[in-house]
Amino acid sequence: QVQLLEFGGGSVQPGGSLNLSCVSSGYYYDNFCMAWFRQRPGEQREGVAAVDGFGKSRYADSVKGRFTISKDNAKNILYLQMNSLKPEDTAMYYCAADRDLLSCTAATTVPNYGMDYWGKGTLVTISS
């Protein structure tokens, strides 16, 4: 089993920044696909960013140029740096992991894509 725990959510004004963190523990391997998803109330879960074991990252069109996914393999921490935040970025953000690297392609393109492991989420609110 893999345990994922997110940190860093909060409330900021439009145009602001937040940096989310996700700590992995358990039977976690560096070559997992790691991703961030978000879900707004009443909407499907959306994959916003993913990074594979080779360091290749992918982003949803809605966050390209504003969000950056990265990971520290030595510390088993996944990050999501979010800049130029907009009210529509308000959502619960979830960290997820999958043993299949192909999930890193699907995560940001297939609506409501399922991953092997999920965190419990951290709330991000963008409001003036």
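Arg38 counts as buried because its relative accessibility is 2%; buried means under 20% relative accessible area, exposed over 50%, and partly exposed in between (1.4 Å probe, protein chains only). This is a predicted model, in which local features need pLDDT of at least 70 and side-chain atom pairs count only at pLDDT 80 or more, while totals for chains, interfaces and linings use all residues. Residues are numbered from 1 along each chain as its sequence is written, and side-chain values use heavy atoms, with hydrogens and water left out.

## Salt bridges around Arg38 and Arg40

Side chains of opposite charge can pair when their charged atoms come close. A salt bridge is defined here as a side-chain nitrogen of Lys or Arg within 4 Å of a carboxyl oxygen of Asp or Glu. The whole structure holds 8 salt bridges, among them the three in the table.

| Salt bridge | Closest N to O distance |
|---|---|
| Arg38 and Glu46 | 2.8 Å |
| Arg40 and Glu43 | 3.0 Å |
| Arg40 and Glu46 | 3.9 Å |

Through shared partners, salt bridges join Arg38, Arg40, Glu43, Glu46, Arg66 and Asp89 into one network. Within this network, Glu43 counts as partly exposed because its relative accessibility is 40%.

Arg40 sits in the loop between strand E4 (33-39) and strand E5 (46-51); helices (H or I, at least four residues) and strands (E, at least two) are DSSP runs, numbered from the N terminus. Contact means heavy atoms within 4.5 Å. When neighbours within four places in sequence are left aside, Arg40 is in contact with Glu46, Glu88, Thr90 and Ala91. Arg40 and Glu88 are 48 residues apart in sequence, and their C-alpha atoms are 8.7 Å apart in space.

## Two buried acidic residues without a salt bridge

Glu6 belongs to strand E1. Glu6 is buried yet has no salt bridge, and the nearest side chain of opposite charge, that of Lys120, is 8.9 Å away. For this purpose Lys and Arg count as positive and Asp and Glu as negative, while His and the chain ends are not counted.

The side chain of Glu6 has backbone partners instead. A polar contact is a pair of N or O atoms within 3.5 Å; within protein, one must be able to donate a hydrogen and the other to accept it, and residues adjacent in sequence count only if both atoms are side-chain atoms. A polar atom of the Glu6 side chain lies 2.9 Å from the backbone nitrogen of Gly121, and one lies 3.2 Å from the backbone nitrogen of Lys120. Leaving aside neighbours within four places in sequence, the residues in contact with Glu6 include Ser21, Cys22, Trp36, Tyr93, Tyr94 and Cys95.

Asp98, in strand E9, is likewise buried without a salt bridge; the nearest side chain of opposite charge is that of Arg99, 5.7 Å away. The Asp98 side chain reaches the backbone nitrogen of Asp100 at 2.8 Å and the backbone nitrogen of Asp116 at 3.2 Å. Beyond neighbours within four places in sequence, Asp98 is in contact with Phe32, Cys33, Ser103, Gly114, Met115 and Asp116.

## Loop residues with positive phi

Most residues other than glycine have a negative phi, and most peptide bonds are trans. Asn76 has a positive phi, near 55 degrees, and lies in the loop between strand E7 (67-72) and strand E8 (77-82). With 24% relative accessibility, Asn76 counts as partly exposed. Ser84 also has a positive phi, near 50 degrees, and its place is in the loop between E8 and strand E9 (91-98). Ser84 counts as partly exposed, at 42% relative accessibility.

## Strand E6

Ser57 is located in strand E6 (residues 57-59) and is partly exposed, its relative accessible area being 29%. Ser57 touches Ala50, Val51 and Ile69, not counting residues up to four places away in sequence. Between Ser57 and Ala35, which are 22 residues apart along the chain, the C-alpha separation is 9.2 Å.

## A nonpolar surface patch

Leu5 is found in strand E1 (residues 2-7) and counts as partly exposed because its relative accessibility is 46%. Together, Leu5, Phe7 and Val23 make a nonpolar surface patch of about 250 Å². Patches are made of residues with over 30% relative accessible area and no salt bridge, with like charges joined within 9 Å and nonpolar side chains (Val, Leu, Ile, Met, Phe, Trp, Tyr) within 5 Å. Accessible areas come from the Shrake-Rupley method with a 1.4 Å probe, and for residues only the protein chains shown count as cover.
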